[in-house]
Amino acid sequence: FDVDIRITDYKTKYFYEWVGNTGRLVITPLTDRCYVTLTTAIRLFLGGAPAGPAGTGKTETTKDLSRGLGLPCYVFNCSDQMNYQTMADIFRGLSQAGAWGCFDEFNRIPIEVLSVVATQVKTVLDVSIRFSDPNNREQPYANLPAGTPPVKVGEFDFFGDKISLVPSCGFFITMNPGYAGRTELPENLKALFRSCAMIRPNLEAICENMLMAEGFVTAKPLAVKFVCLYSLSSELLSKQAHYDWGLRAVKSVLRVAGKLKRAEPEV
């Protein structure tokens, strides 16, 4: 049987990539908005660009969306060591595999490399438009017969190499704006990515779900207390490098709480 996926006006088939029994995200209004923004970007043949401070779930949301569609997603931690050849190799691989690429902290890459990357991304996106069904232009794979795996759709020239394209490929970049050593993206690259601001995660819903999953019966009142404690700590305590009241710290503490709970269930 086949699964049709619809998110607002984006429509596709499920891709059946084996993702295993992995953890899943808590769906909050922020995650939901990010999903809608990213899938609309794909429908318009663009990349997605969630931006915001560290620990707001930018990369995890992209990974979780790809799991939901049954697509492989590769995360690349970008650094200033990357040059246009390494980026070309990555794009070549993603477009032939039909996989998603999530480029973490994309604005660490030097500006002179980014201007070439814009041309590389545009080449692949233009080919996706060219090989899409003209009658159903905005929905790649929406009308494939049941059980059809992602198919290659003809060859194109990618910087001197003849390669095939699997149009399910997608490019996503995550950025921490305003950090030291980060470059501003060139305009021709910005135009290829649809941005989505992710500023503050909905901690209460995430805490409640995690506490419930770790075996706490009174998860709702506990989550309220926990978020209250952390928000007060972040506001009232002095700003020091070893203090972290963000999402990563919350998750670590709740995991430890779950371990302690399972070790002594009666306490």
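Biologist: In this predicted model, why is Ser-164 called buried?

Modeller: Ser-164 has a relative accessibility of 16%, and buried means under 20%, so Ser-164 counts as buried. Ser-164 lies in strand S7, which covers residues 161–164, and, leaving aside its neighbours within four places in sequence, Ser-164 is in contact with Ser-95, Gln-96, Lys-152, Gly-154, Glu-155 and Phe-156.

Biologist: What makes helices H6 and H7 oblique to each other?

Modeller: Helix H6 (residues 203–213) and helix H7 (residues 219–236) pack at an angle of about 130°, with their axes 8 Å apart. Angles over 145 degrees count as roughly antiparallel and those from 65 to 115 as roughly perpendicular, and because the angle of about 130° falls in neither range, H6 and H7 are oblique to each other. The contact includes Leu-203, Cys-207 and Leu-211 of H6 together with Ala-219, Leu-222 and Phe-226 of H7, and by class the contact of H6 with H7 has 10 nonpolar, no polar and 3 charged residues.

Biologist: How do you know that Cys-73 is too far from the closest cysteine sulfur for a bond?

Modeller: The closest cysteine sulfur to that of Cys-73 is in Cys-102, at 5.5 Å, whereas a disulfide needs the two sulfur atoms within 2.5 Å, so this pair is too far apart for a bond. Cys-169 is in no disulfide either, since the nearest cysteine sulfur, that of Cys-73, is 12 Å away, and the structure holds 0 disulfides.

Biologist: Is Cys-169 buried or exposed, and what value decides this?

Modeller: Cys-169 has a relative accessible area of 11%, and the limit for buried is under 20%, so Cys-169 is buried.

Methods:
Residues numbered from 1 in each chain as written. Predicted model: local features only at pLDDT ≥ 70, side-chain atom pairs only at ≥ 80, totals over all residues. Heavy atoms only, no water. Helix = DSSP H or I, 4+ residues; strand = E, 2+ residues; numbered from the N terminus. Buried < 20%, exposed > 50% of the residue type's maximum accessible area, 1.4 Å probe, protein only. Contact = heavy atoms within 4.5 Å. Axes fitted to C-alpha atoms, helices over the stretch in contact; angles between N-to-C directions. Parallel < 35°, antiparallel > 145°, perpendicular 65-115°, else oblique. Nonpolar A, V, L, I, M, F, W, Y, C, P; charged D, E, K, R; others polar.
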